[in-house]
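Please look over the structure below with some patience, and then follow the report through a few of its contacts and surroundings.

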Amino acid sequence: MGKFKCAHCRDEFERWALIERGGELFCCEGCAGVYEILNSSGLGEFYERLGKTTLNPARGAKNTAQKSQEDLAAIYQNYVKNENGFNKISLIIEGIHCSACIWLNEKVLFAQKGILEVNINSVNNKALIVWDENEVNLAQIFALIRSIGYEPYPYDAQAQEYRLALQKREFYARLLVGIFCTMNIMWLAVAQYGGYFTGMRQDVRSIINFAEFILATPVLFYTGSGFFRGAWGALKNKTQNMDSLIVTGTLAAYIFSIYAMFSRRGEVYFDSVATIITFVFIGKYLEILSKKKAADTLDNLNSLNLNSVSVKNGDEIMLKSAQEVRVGELVVVRAGERVLLDGIVISGSASLISLVLAARARPRILAQKMAKTR
């Protein structure tokens with residue numbers, strides 16, 4: 001009978017598992033709702049940009065409840081920053097697969113009145129959103145993203161650091177297995193190649209072949225498991241990528257080597273299998289390290305954007321938002337702290353380093369702010 005594709009997520013299902021809406025087939029009401037929203041909003045181009053990529057089914061996306069008032073209050077307090085009269089938040093948008101997903105999220109958000117800036121990083125799915133609270137609020141922004149089948153949640157630097165640390169630990173374990181097994185296989189391969197020219201008994205050759213087989217197997221299926229996942233995803237989308245090339249070559253060499261080992265005909269290539277997987281995996285490992293370093297750098301830069309200062313009120317010193325400080329109040333700046341406000345030094349002395357940042361958005365507003373401080 002064959003399988004049919006959902007008109008939105010493009011995944012394949014049996015005909016009995018699909019529902020029909022407006023002449024199109026969908027796997028769930030969520031996909032049907034998102035499909036209707038996109039086409040009614042003139043964003044049907046998304047499916048052309050999507051190509052052969054499949055999405056996760058948007059189950060329940062149409063009926064997802066908004067965050068509670070308590071959750072929103074906590075998000076506003078911990079993650080939302082106010083700069084130049086506008087709110088700013090960093091989100092992780094779960095469900096982004098490709099550039100078409102980024103295009104769709106940006107189109108939908110920019111179409112909402114009050115959203116001034118949207119910047120989505122395709123590497124880590126981190127989105128920076130700036131909006132005017134007088135025209136749109138955070139609950140509406142979350143509802144917009146959920147309405148098209150994606151799930152937003154605030155970017156937490158500590159949680160992201162923990163996730164990257166776990167990922168690094170997993171890569172480190174796989175890397176150790178790959179290097180250990182590959183080095184031992186190379187020693188055996190040296191002996192085997194030496195015996196090829198000087199003569200070696202068949203039983204000794206069989207033992208060496210079997211030892212290489214034992215060492216190459218965890219390298220291929222444990223160290224190289226990520227390549228198999230990537231190749232399987234490309235196969236499901238009826239396309240090819242670098243993982244497909246690696247898996248095809250190494251798996252073919254591995255299967256042929258098993259045949260040669262048991263039939264005792266031809267040469268084995270377990271050393272080549274282990275070497276290819278390990279060296280390519282080292283490149284992947286270095287990529288993870290570079291991403292972690294980039295994330296740490298961004299977090300360090302974001303930490304410079306403090307929004308609270310120490311204000312002296314009588315004999316007490318209290319923390320206060322920089323936006324709430326009024327003219328005439330005394331601000332205490334301790335050694336090593338950053339100055340967030342313009343003012344006049346009335347006691348003490350310090351050396352300050354001035355850092356000037358060029359802003360991409362709202363230059364007119366910044367120019368007015370600078371003009372008032374002169």
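Glu170 is partly exposed, because its relative accessible area is 37%, where buried means under 20% relative accessible area, exposed means over 50% and partly exposed lies in between, with a 1.4 Å probe and protein chains only. The side chain of Glu170 meets that of Arg174 in a salt bridge with an N to O distance of 2.8 Å; the term stands for a side-chain nitrogen of Lys or Arg within 4 Å of a carboxyl oxygen of Asp or Glu. Arg174 and Glu170 are four residues apart in helix 6 (residues 157–198), so about one helical turn separates them. Helices here are DSSP runs of H or I with at least four residues, strands are runs of E with at least two, and both are numbered from the N terminus. Arg174, at 11% relative accessibility, counts as buried, and it also lies over the face of Tyr222, at 4.6 Å from the ring centre. A charge is said to sit over a ring if NZ of Lys or CZ of Arg is within 6 Å of the ring centre and within 35 degrees of the ring normal.

The model is predicted, so local features need pLDDT of at least 70 and side-chain atom pairs count only at pLDDT 80 or more, while totals for chains, interfaces and linings use all residues. Residues are numbered from 1 along each chain as its sequence is written, and side-chain values use heavy atoms, with hydrogens and water left out.

The count of salt bridges comes to four, and the table sets out some of them.

| Salt bridge | Closest N to O distance |
|---|---|
| Arg146 and Glu151 | 3.1 Å |
| Arg174 and Glu170 | 2.8 Å |
| Asp203 and Arg201 | 3.2 Å |

Within the first row, Arg146 is buried with a relative accessible area of 6%, whereas Glu151 is partly exposed at 29%. In the last row, Asp203 is partly exposed at 39% relative accessibility, while Arg201 is exposed with 57%.

Aromatic rings form another topic. A pair of aromatic rings is described by the distance of the centres and the angle of the planes. The structure holds nine aromatic pairs, counted when the ring centres of Phe, Tyr or Trp (its six-membered ring) lie within 6.5 Å, with planes under 30 degrees apart called stacked, over 60 edge-to-face and the rest tilted. One of them joins Tyr254 and Phe270, whose ring centres are 5.9 Å apart and whose planes stand at 75°, so the pair is edge-to-face. Because Tyr254 lies in helix 9 and Phe270 in helix 10 (residues 270–303), the pair ties together parts that are 16 residues apart in sequence. Tyr254 is buried, with a relative accessible area of 6%, and Phe270 is buried too, at 0%. Both belong to one aromatic cluster, whose members also include Phe210, Phe213, Phe221 and Phe228.

In the loop between helix 9 and helix 10 lies Arg264, which is exposed at 54% relative accessibility. Arg264 has a positive phi of about 60° although it is not a glycine. Most residues other than glycine have a negative phi.

Polar contacts are the last topic. Asn87, in strand 6 (residues 86–94), is buried with a relative accessible area of 9%. The side chain of Asn87 makes polar contacts with the side chain of Asn82 at 3.0 Å and with that of Glu133 at 2.9 Å. Such a contact is a pair of N or O atoms within 3.5 Å; within protein, one must be able to donate a hydrogen and the other to accept it, and residues adjacent in sequence count only if both atoms are side-chain atoms.
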